[in-house]
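Colleague: I would like a close look at a single part of this model. Please take me through it slowly and keep the terms plain.

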Amino acid sequence: MTESMTQAAARRTALAAQGFAESRPSGPPTRRHLAKVLDRVRLLQLDSVNVAVRAHYMPVFSRLGSYDMSLVDDAAWNPTARKPRLLVEYWAHVASLIPVDDWPLLRWRMRAHEVSWGEYLRKNDIDPALQDEVLRVVKDSGPIGAGAIETALGGGADRPKGGWWNLSAVKHTCEYLFAAGALTTGTRRGFQRLYDLPERVLPPELLSREVPDDEAARELMRSAAIAHGIGTEFDLRDYYRLPPAMARQALLELVESGELTPVTIPGWRHPAYLHAGARTPRAVRGRALLCPFDPLVWERDRTERLFDFHYRIEIYVPEPKRQYGYYVFPFLLDGALVGRVDLKADRAAGTLRVHGAFAESGVDVGRVAAELAGELREMAGWLELDQVALGERGDLVAPLSKCL
C-alpha cells in the first residue's frame, strides 16, 4: 500500500536523516561524533575547490559545529594514527570518502571502470606495460604521488624528448589503477593524492570479501535510503550513481522486504520511498551553513522539492551572469533554507569574506541576519580567521552588518 506525506513532513524526515534534528555537541566533537555523522551521511564528497574550505570538511562542521579537522584526516589518511581507518577514497557519488566497510560493495564499479578506463588508455596509446611499472614503484615507495612515480620511472624535467614515460601517461595510468581498485589513496599531502596498495590501507578481510552485484546494489540503495530518510527512486540511485536497472531491482526488493514504503507527496512528480528506520520530528531547530557539495542539497531538484529553494552552483558561469556568486552556501535555519551567502576564506588577510548575502522571500530578515551572523562568526573561528567582512551584494548585507 502507498502512504501519503506532506512536503513539510518529508522535509523534516530528510533533515532528521541527515543529522540536523539533533543539537550540536556541547563540548569539543570527538571521533565518536564524527562516526555518528558518517553513519548518517554515508559518504563525504571530495572536490578540488578550496575557496572557503575543502568540501569534505564542511558537512561535518555543518552538523557538529567547530571541530578539529584532524578528526577527518586521521579517519581517512593518517597511516600512523593509532586507531583504525574509518574512511577510504573511491568513486561513490563522485570522488568520495566512504566507510572502509563499503569497499567490497563497489567492486562491480571497479570492474566496469577497468573496462572503460582501459579503453581510454588504448585510445590514447598509453602502453599497458606502464601499469606493472607503476605498481612496482608504488609497492617499493608508496604512499607516493604521480609526479614522484614519473621521476622514479626515468621521467621528469631532464627526460629527453620522446624518451621514457611522461607525467600524462603516468597520471592516466595511476587513475586507471585507482578506478580499477588496484591502487588507493594511502594519504594526502595538502590535497595531493599519494597512491598506495589497497593491502597496505584496508583490512585483509575486506579485500577478500566478495559481494554479488545484486547484494551490493541492495546495500548501497539501503545506505542511500538511510541517508535520505525519504526520496524518489532517482534520489536514492543518484547517491551512489547506480545504473538504473541495478537500482530499480534493488528498490523492488527493499520494498518487498518492508524496508522501504512507497509514499506520495503533493507536488512531487514521482513516488517517494520512506525508510523503515526514518523518523519525522515535529520540528527541527538549529542553524547550519551548507557547502555546495553537502549531501542534503547536492541533488538540486530534490532540494527544490523539499525546500522550495532553487539552487545552482555558479562556478562555471561567467561572472557577469552569476545571480548569487561564485561559491554560495545555503543557510539552514529551523528546518528551512532561508538565505544564501557567497563566501571566500581570505587566509592572507585572516578574513572570512561575504561577497554577497541574500534572503529568501517571506523570511524574518532580522532573525535570519542575527542567526547567520552567529554562524559566520563560528565558521571564521573554526577556519582560524580573525574577522568577517561584508561585501555589498544582496538584501541581507545591511541587516547583517548591524549584527556583525
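Is D334 buried, partly exposed or exposed?

Modeller: This is a predicted model, so every value below is computed from predicted coordinates. D334 is partly exposed, because its relative accessibility is 23% and the buried class holds residues under 20%. D334 sits in the loop between strand 11 and strand 12. Its phi is positive, at about 50°, although D334 is not a glycine.

The two strands beside this loop lead to the next part of the picture. Strand 11 covers residues 328–333, and strand 12 covers residues 336–346. Both belong to the elements against which the buried residues of helix 13 pack. The other elements in that list are helix 1, helix 10, strand 7 and helix 11.

Helix 13 runs from residue 300 to residue 307. Six of its eight residues are buried, and the helix is mostly covered. The buried ones are R300, R302, T303, R305, L306 and F307. Just after helix 13 comes D308, with a positive phi near 55°.

On the other side of helix 13, the loop that joins strand 10 (287–289) to this helix contains L296. L296 counts as buried because its relative accessible area is 2%. Leaving aside residues up to four places away in sequence, L296 touches A14, L15, Q18, F20, R63, L290, R302, T303 and F307. Of these partners, R302, T303 and F307 are also among the buried residues of helix 13. A14 and L15, in turn, are among the buried residues of helix 1. L296 can also be placed relative to A278: the two are 18 residues apart in sequence, and their C-alpha atoms are 15 Å apart in space.

Helix 1 spans residues 7–17, and eight of its eleven residues are buried, so the rest of the structure largely encloses it. Those eight are A9, A10, R11, T13, A14, L15, A16 and A17. Their cover includes helix 2 (31–41), helix 10 (213–228), strand 7 (230–232), strand 9 (272–275), helix 13 and strand 11. Strand 11 therefore appears in the surroundings of helix 1 as well as in those of helix 13. Helix 1 is followed by G19, which has a positive phi near 90°.

Another loop residue can be set beside D334. E384 lies in the loop between helix 14 (365–382) and strand 14 (387–393). Like D334, E384 is not a glycine, yet its phi is positive, at about 60°. E384 is exposed, because its relative accessible area is 71% and the exposed class begins over 50%.

Finally, the part should be seen within the whole chain. The protein chain has 15 helices and 14 strands. Its radius of gyration is 23 Å, close to the 22 Å that the globule rule gives for 404 residues, so the chain is as compact as a globular protein of that length. Along its principal axes, the C-alpha trace spans about 65 × 60 × 45 Å. Of the 404 residues, 54% count as buried. Among contacts with a separation of 6 or more, 65% are between residues 24 or more positions apart.

Methods: Residues are numbered from 1 along each chain as its sequence is written. This is a predicted model: local features need pLDDT of at least 70, side-chain atom pairs count only at pLDDT 80 or more; totals for chains, interfaces and linings use all residues. Side-chain values use heavy atoms; hydrogens and water are left out. Helices (H or I, at least four residues) and strands (E, at least two) are DSSP runs, numbered from the N terminus. The radius of gyration is taken over C-alpha atoms; the globule rule is 2.2 Å times the number of residues to the power 0.38. Buried means under 20% relative accessible area, exposed over 50%, partly exposed in between (1.4 Å probe, protein chains only). Contact means heavy atoms within 4.5 Å.
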